[in-house]
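Reader: I have the sequence and the coordinates open side by side. Could you walk me through a few local details, starting with the cysteines?

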Amino acid sequence: MSIKIQTLSGYLHEYQKSVLEPEAFWNRVAETFHWKKQWDKVVDWNFEEPKINWFVNGKLNITENILDRYMYTHGDRPAIIWEPNDPSEASRTLTYKDLYEQVNQFSNALKQKGIKKGDRIVIYMPMVPEAAIAMLACARVGAVHSIVFAGFSSTALADRINDCQAKMVLTSDENYRGAKVIPIKAVVDEAVENCSTIESVITLCRTGGEVIMKQDRDYWWHDVIEGESTICEAEEMDSEDLLFILYTSGSTGKPKGVVHTCGGYMVYAQFTFENVFQYTAGDVYWCTADVGWITGHSYIVYGPLLTGATTLMFEGIPTYPDAGRFWDVVDKHKVNQFYTAPTAIRALEAHGLDPFKGKDLSSLKVLGSVGEPINEEAWHWYHDHVGKNKCPIVDTWWQTETGGIMLSPIAGITPTKPSYATLPLPGIQPVIVDEKGQELKGNSVQGNLCIKYPWPGMIRTTYGDHDRCKQTYFSTYPGMYFTGDGVKRDEDGYYRILGRVDDVINVSGHRMGTAEVENAINEHPLVIESAVVGYPHEIKGQGIYAYVIADDSQRSAASLENEIRATVNKIIGPIAKPDKVQIVTGLPKTRSGKIMRRILRKIAEGQTDNFGDTSTLLDPTVVDEIIENMK
């Protein structure tokens, strides 16, 4: 039986135990899973190297804890309900038995194409059940999946393929997104031209659109599974073998491949899912994220399926064919737990209350928020109009690197407070430190958020570059994992996340490194230098503001701005396009040549009355000129 918290005193009791005797606590949680061999030691760790090993020498396969485990106890229970982009297309339901057979069949197809344990496979697909099948098939045969969000450009895709040296790409002919049809296979073809390690590309026929198929490299999904057996023995994996790599933007240009491993991630994803959302058998749970992000990994696929839950996958967007689409889906499938991003909530809020007309929404029991802190106004709108004042909101804080939710109310158990992530989950030991790394104890304090003890779902390394992992997460405050986020703890001991303290912008819940966007802007032939900052955006949370020094003698400012946006779109993808581009003659730099981004951030925010200490600026008149131009 899994460990499920059911009362506030139960939470306090489990939390206390998890801090006083963390090994005994996680040992008890892990024992509820099927292991091929029990572990020798619960955890072996130090944050100096860093070295993090959970369930040392334990052997397992994560898919046995989904497919084999539930196939025999409730094979006819819906595992995945799929809702297509176009509401006139039929939805699909896969039971646990269907999932078992289809994952095994695709696992055998991967083996036929020469895939072995440890090989990397990049998945670049739409939100269809086959994306989940692909993930689980990789895990079943011991291959490492790396999903790239299908909105990234061919350049960004090629960078990620090359970094992990993938042998195979899984994709589709085209994707539907709202009213658009996006040629996805063509993007893969362009990317693979610059990747020497790719041996095969398997394409799912989603739209039936025209694609180019290259002989001895390109295969159709339906062809490779034809005649394959629906039985495939799961590969035995060590607890610390790689499960997946997921790329996230860093504060330096190159994306980092965050590595998660089999045992600890499995235990943490399941434990957090069942507890935070208070999932009970028979509920229908819906997370609106994309599998291209960590939220989709942990809370569409692994967490729910490890719990034997029914998880809903949605291919579309919140406003197609109209702004009532989310609520139609909730009513159609009688959704009980609904998990989405503040960006989506704010975008729907802008449409007013008309889209709620004729919608029932009475099936909803729990509402969740993910990706960035939810502002108070959006929290109240969500609570009042979607939850009809009866659904607790779990405002979850976590990261790609944490593998699962870290700070969050437990639905219906933790008293909530708008815009607060409230309290740490059992096993999580947060600390707030000042700039010098001194811990700020007690309540009513503000500083940087660190975690002082490991948890099973945490990052193990950055793929192929362990030193980068150490520098990014473990060197700022020795002996602690630094989240990169500012936080305050209020008089009740509740945590409120204040946003990034490094050069990372949170756009619609997706992290974009400023350096990555700047590098893309600087590819434009007329650009000399650029600096990118985040600024408050009423829908996205943060927008991207680019200050660009460029040779504008050959173009009007307006056409140059459009070309710069197009350049970023081509190199990274539409998600990174700057909302505002300002052509400037200079940037505020220190005498050592460092751009003072905090000044640019304040200008972008419209706070031009106090820039703090500017004595180190090489040329203070640059600041006045930027403000004047902006007006």
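Author: Let me begin with C469, whose sulfur is 14 Å from the closest cysteine sulfur, in C450, which is too far for a bond. A disulfide here is a pair of cysteine sulfur atoms within 2.5 Å. This is a predicted model, in which local features need pLDDT of at least 70 and side-chain atom pairs count only at pLDDT 80 or more, while totals for chains, interfaces and linings use all residues. Residues are numbered from 1 along each chain as its sequence is written, and side-chain values use heavy atoms, with hydrogens and water left out.

Reader: Is C469 buried or exposed?

Author: C469 is buried, with a relative accessible area of 0%; buried means under 20% relative accessible area, exposed over 50%, and partly exposed in between, using a 1.4 Å probe and protein chains only.

Reader: And how many disulfides does the structure hold?

Author: The structure holds zero disulfides. C138 is likewise in no disulfide, since the nearest cysteine sulfur, that of C164, is 11 Å away, and C138 is buried with a relative accessible area of 0%.

Reader: Switching to charges, where does R565 lie?

Author: R565 lies in helix α16, residues 557-571, where helices (H or I, at least four residues) and strands (E, at least two) are DSSP runs numbered from the N terminus.

Reader: Which side chain of opposite charge is nearest to R565?

Author: That is E561, 4.7 Å away, and R565 is buried yet has no salt bridge. A salt bridge is a side-chain nitrogen of Lys or Arg within 4 Å of a carboxyl oxygen of Asp or Glu; Lys and Arg count as positive and Asp and Glu as negative, with His and the chain ends not counted.

Reader: What does the side chain of R565 reach, then?

Author: The side chain of R565 reaches the backbone oxygen of P578 at 2.8 Å.

Reader: Next, the backbone: which peptide bonds are cis?

Author: Among them are the bond from E49 to P50, with omega near -10 degrees, and the bond from Y320 to P321, with omega near 0 degrees. P50 sits in the loop between β1 (41-46) and β2 (51-56), whereas P321 lies in the loop between β17 (310-314) and α11 (325-333).

Reader: Last one: what is the phi of T422?

Author: T422 has a positive phi of about 60 degrees although it is not a glycine, and T422 is buried, with a relative accessible area of 0%.

Methods. A polar contact is a pair of N or O atoms within 3.5 Å; within protein, one must be able to donate a hydrogen and the other to accept it, and residues adjacent in sequence count only if both atoms are side-chain atoms.
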